[in-house]
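I opened this notebook page to keep track of what I looked up in the structure, and in which order. My interest was in the domains first and in the cysteines afterwards.

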Amino acid sequence: MASRERIGLIGAGPSGMALLRAFSLAEKAGAQVPEVVAFERQDDWGGQWNLDWRTGADKYGEPVHSSMYRDLWINGPKECMEYPDYPFDRHFGRAVPSYLPREVMSEYIRARMQDVDVRGQIRFSTAVRWVQKHDDGRFRLTAQHLVSGESVVEEFDRIVVASGHFHTPQVPSWPGIESFRGQVQHAGDYRSAEGYVGKRVLVIGSSYSGQDLALQLHRAGAKHVTTAYRKQPQDIAWPQGMDEQPEVQRFDGNTVTFAGGAQAEYDMVLLCTGYLHHYPFLPQELALGGPNLLCPIGLWKGVVWHDDPDVLYVGASQQLFTLTLLEAQAYFARDVLLGRVEVPEAEERKADMDAWFERMTQIDGPPAALAYQGAYIQDLSAHTDCPEVDVEAVAETFLQMRDARIEDVRTFRDRQHRSTVTGTMAVPHHTPWMQEFDDSAENFQR
Ligand SMILES: Cc1cc2nc3c(=O)[nH]c(=O)nc-3n(C[C@H](O)[C@H](O)[C@H](O)COP(=O)(O)OP(=O)(O)OC[C@H]3O[C@@H](n4cnc5c(N)ncnc54)[C@H](O)[C@@H]3O)c2cc1C
Ligand SMILES: NC(=O)c1ccc[n+]([C@@H]2O[C@H](COP(=O)([O-])OP(=O)(O)OC[C@H]3O[C@@H](n4cnc5c(N)ncnc54)[C@H](OP(=O)(O)O)[C@@H]3O)[C@@H](O)[C@H]2O)c1
């Protein structure tokens, strides 16, 4: 009798959790499933949602994984992140506001796992150090238990990488920045706004971190906040005390010159310049690289490593739909691993990847980006029994949020949206977001 196939899963954040749950549900439904062993270097599951007050090294000397911070609230309505098979109504037992603080969102992601019994498959506090494919076609995975320091080498038939890609800061440089006399911090090391109060702050980078952190600093009492974009200005009417500038050209001490010639002085710089794909446990030929893209380069269907289909990734794409995107990828990965989805020959995979990449290059704004990722989720889900997401309705909700943010970036999180799963309308939060400095679950529920 052939021995049971072994799958090595790296990471038990929302992506790894989704994969473990998808396998468990298949097994409950009668499928023969492989043995899945997950390695997680944190002491608990939840990935980015496990806030760590530390920066740099964690208690084991490992790189701190979470880039989240105090007062982080979700940046899109919860109605855009709702698992269809675990509606917020079921979780809370009543209607709640559209925007949740980190702790509450984290509880939701964890609570969904109650219907499966998979924690025993996870080796917690265990970092994967190296994965190598050998001539026999099997992988040797080296992992270290961080408490005992002990290393083990285990063999697997296939590998799933779900280690996240928002933990290793991308830190560019600018002429003269070494002459800046003030703190320069990357968003990944930001934990709270207190140190920025009364300061003139330059936030470089105009995506989600740039936008949210600029506003966090403003509401906490920074003297002035400038956000500097590279490609495109943001569609935001910045309130008094904030402004927007094009790309930074150079630093001369504390004076910054922007493209176009404008100059201003700053006390602190916050780099919101994104994160690198970083897989130090993989040999180069298996490691995804490149920027944060809706269509990562080298992955068939955004999941299967083209150069070696025995390696799969979950959660490697740029995330608009986030949790439901990770879910669709997890189901797809599971069904590839179960043999329910056939991986075509290299030529056909390449043609499909090229077509999705080309389609990505045509995206001309947020509605098109949402339509693209919605179509991608539908494409994946058509191959699996992943609970269906009404991607058009979710995209519409995202666009309502975007309009509200353009109207007033200070109040968009005070709006309510309707669930596309249950039809339930959210209720207002008790405190406007600009005045809400208690991000605890207890305060949220009161
Ligand atoms: C600041 C910030 C705010 C965000 N806000 C939102 C939001 O409002 N809404 C939203 O939907 N999404 C948000 N996200 C996106 C968030 O990344 C996803 O929601 C989700 O956490 C991605 O899940 P993941 O499992 O793919 O990756 P992660 O959550 O990063 O989990 C990866 C896991 O892999 C483990 N790991 C990594 N390397 C190793 C190794 N070598 N060995 C063993 N284990 C390893 C890590 O410890 C971690 O637990 C935010 C992200 C950031 C950085
Ligand atoms: N809940 C929340 O409020 C919240 C807060 C923060 C982050 N997040 C999440 O965290 C994830 C990561 O977001 P992110 O904003 O950190 O990363 P990101 O979306 O990958 O954006 C990176 C940004 O860095 C800019 N950049 C890169 N190199 C630069 C350079 N040399 N000069 C100037 N700008 C440069 C990019 O500019 P270009 O656009 O010009 O390339 C882009 O604006 C997302 O999933 C997001 O949803 C959520």
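The domain bounds I use here come from an automatic or database domain assignment, and the model itself is a predicted one.

**Entry 1, domains.** I noted that the assignment gives domain 1 as 6-168 + 275-395 and domain 2 as 177-271. I then looked up the separation of their C-alpha centres, which lie 32 Å apart. For the contact between the two, I found 17 residues from domain 1 and 12 residues from domain 2.

**Entry 2, the interface.** I read off a buried area of about 1,100 Å² between domain 1 and domain 2, with 47% of it on carbon and sulfur atoms. Asking which residues of domain 1 lose the most area to domain 2, I arrived at Thr55, Tyr69 and Tyr275, which together make up 46% of what that side buries. I looked for salt bridges across this interface and the rule returned zero, whereas the search for polar contacts gave eight residue pairs, both residues of each at pLDDT 80 or more. On the side of domain 1 that touches domain 2, I recorded seven nonpolar, six polar and four charged residues.

**Entry 3, cysteines.** I searched the whole structure for disulfides and obtained zero. Why do Cys295 and Cys386 form no bond? The sulfur of Cys295 has its closest cysteine sulfur in Cys386, and at 19 Å this is too far for a bond, the cut-off being within 2.5 Å. For the sulfur of Cys386, the closest cysteine sulfur is in Cys80, 17 Å away, and so too far as well. I also noted that Cys295 is buried, at a relative accessible area of 10%, and that Cys386 is buried at 9%.

Methods:
Residues numbered from 1 in each chain as written. Chains lettered and ligands numbered in written order. Predicted model: local features only at pLDDT ≥ 70, side-chain atom pairs only at ≥ 80, totals over all residues. Heavy atoms only, no water. Contact = heavy atoms within 4.5 Å. Buried area = accessible area lost by both parts, 1.4 Å probe. Salt bridge = Lys/Arg side-chain N within 4 Å of Asp/Glu carboxyl O. Polar contact = N/O pair within 3.5 Å; in protein donor to acceptor, adjacent residues only side chain to side chain. Nonpolar A, V, L, I, M, F, W, Y, C, P; charged D, E, K, R; others polar. Buried < 20%, exposed > 50% of the residue type's maximum accessible area, 1.4 Å probe, protein only.
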